[in-house]
Amino acid sequence: MPYNLNTLSQVAAEAAFDDQAFLARTVSQNAEERVKWEALFDELGIHYYKSEANFIFFESPDADGLADAWLTEGYQVRRGQRDGWLRLTIPMAQDGVVMRNILKQFMN
């Protein structure tokens, strides 16, 4: 696999698959949050790849600066997969509000 999954994360994944209501709720919440991120990226003119997953891959004129701005507030995004791009895992709604506000301030 391209990433490492420990035993605990595998057990948690199996439990989640056994709870279909949890799984449906999680997929729905991710979809709702992803729409908000895509709308903001469109508004700010940020290039991104459409996603059906729990993450969005997007370009930033100062990817390291933005990643650092989020990290300062306790939010980590993946860097280093492509120069000038970041991979944002779709956060919970309350964290999404904070992260989008940081992005708006950063872009201004």
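A residue counts as buried when its relative accessible area is under 20%, as exposed when that area is over 50%, and as partly exposed in between. The exercises below use these classes on a predicted model.

**Exercise 1. Describe the overall build of the protein chain: how many helices and strands are there, and in what order do the elements run?**

Solution. Begin with the inventory, which gives 4 helices and 2 strands in the protein chain. Next, follow the elements from the N terminus on, where they run α-α-β-α-β-α. For the dimensions, take the principal axes, along which the C-alpha atoms fill a box of roughly 45 × 25 × 25 Å. Finally, apply the burial classes to the 108 residues of the protein chain, of which 31% count as buried.

**Exercise 2. Classify the ring pair of phenylalanine 58 and tryptophan 70, and decide whether each residue is buried or exposed.**

Solution. The structure holds 8 aromatic pairs by the centre-distance rule. In the pair of phenylalanine 58 and tryptophan 70 the ring centres are 6.2 Å apart and the planes stand at 80°, and because planes over 60 degrees apart count as edge-to-face, this pair is edge-to-face. The two partners come from distant parts of the chain, phenylalanine 58 lying in strand S1 (residues 55–59) and tryptophan 70 in helix H3 (residues 63–72), 12 residues apart.

Now turn to accessibility. Phenylalanine 58 has a relative accessibility of 0% and therefore counts as buried. Tryptophan 70 also has a relative accessible area of 0%, so tryptophan 70 is buried. As a last step, place the pair in its surroundings: Phe58 and Trp70 form one aromatic cluster together with Trp37, Phe41 and Tyr48.

**Exercise 3. Trace the contacts of arginine 100: over which ring does its charged end sit, and which residue does its side chain meet in a salt bridge?**

Solution. Take the ring first: the charged end of arginine 100 sits over the ring of tryptophan 37, at 5.4 Å from its centre. Tryptophan 37 is itself one of the residues of the aromatic cluster. Then take the salt bridge, in which the side chains of arginine 100 and glutamate 33 meet with an N to O distance of 2.5 Å. This salt bridge links distant parts of the chain, since glutamate 33 belongs to helix H2 and arginine 100 to helix H4 (residues 93–107), 67 residues apart. Both glutamate 33 and arginine 100 are buried.

For comparison, look for another arginine placed over a ring: arginine 82 lies over the face of tryptophan 85, at 4.8 Å from the ring centre.

**Exercise 4. Compare the accessibility of the partners in the salt bridges of lysine 50 and arginine 79.**

Solution. A search of the whole structure finds 4 salt bridges. In one of them, the side chains of glutamate 38 and lysine 50 meet at 3.3 Å, N to O. Glutamate 38 is in helix H2, whereas lysine 50 is in the loop between H2 and S1, and the two are 12 residues apart. With 10% relative accessibility glutamate 38 counts as buried, whereas lysine 50, at 64%, counts as exposed.

In the salt bridge between arginine 79 and aspartate 68 the closest N and O atoms are 2.6 Å apart. Arginine 79 lies in the loop between H3 and strand S2 (85–89), and aspartate 68 lies in helix H3, 11 residues apart. Arginine 79 has 33% relative accessibility and counts as partly exposed, and aspartate 68, at 38%, counts as partly exposed. To complete the picture, Asp64, Asp68 and Arg79 are joined into one network by salt bridges that share partners.

**Exercise 5. Characterise the second largest pocket: what is its volume, and which element gives the largest share of its lining?**

Solution. The volume of the second largest pocket is about 260 Å³. Helix H2 (residues 20–44) contributes the largest share of the lining, namely 6 residues. By character, the lining divides into 4 nonpolar, 5 polar and 3 charged residues. Among the lining residues are Thr26, Gln29, Asn30, Glu32, Glu33 and Lys36, and also Asn54, Ile90 and Met92. Glu33 thus appears here in the lining, and glutamate 33 is also the salt-bridge partner of arginine 100.

**Exercise 6. Locate leucine 44 and give its distance in space from leucine 103.**

Solution. Leucine 44 is found in helix H2. Its relative accessibility of 24% means that leucine 44 counts as partly exposed. Leucine 44 and leucine 103 are 59 residues apart in sequence, while their C-alpha atoms are 9.5 Å apart in space.

How values were computed. Residues are numbered from 1 along each chain as its sequence is written. This is a predicted model: local features need pLDDT of at least 70, side-chain atom pairs count only at pLDDT 80 or more; totals for chains, interfaces and linings use all residues. Side-chain values use heavy atoms; hydrogens and water are left out. On a 1 Å grid over the protein atoms alone, a cavity is a set of points where a 1.4 Å probe fits but cannot get out, and a pocket is an open set with protein on both sides within 12 Å along at least five of seven lines; lining residues have an atom within 4 Å of a point. Grid points are joined across faces, edges and corners, and a volume is the space filled by probe spheres set on the points. Ala, Val, Leu, Ile, Met, Phe, Trp, Tyr, Cys and Pro count as nonpolar, Asp, Glu, Lys and Arg as charged, and the others, Gly among them, as polar. Rings of Phe, Tyr and Trp (its six-membered ring) pair if their centres lie within 6.5 Å; planes under 30 degrees apart count as stacked, over 60 as edge-to-face and the rest as tilted. Buried means under 20% relative accessible area, exposed over 50%, partly exposed in between (1.4 Å probe, protein chains only). A charge sits over a ring if NZ of Lys or CZ of Arg is within 6 Å of the ring centre and within 35 degrees of the ring normal.
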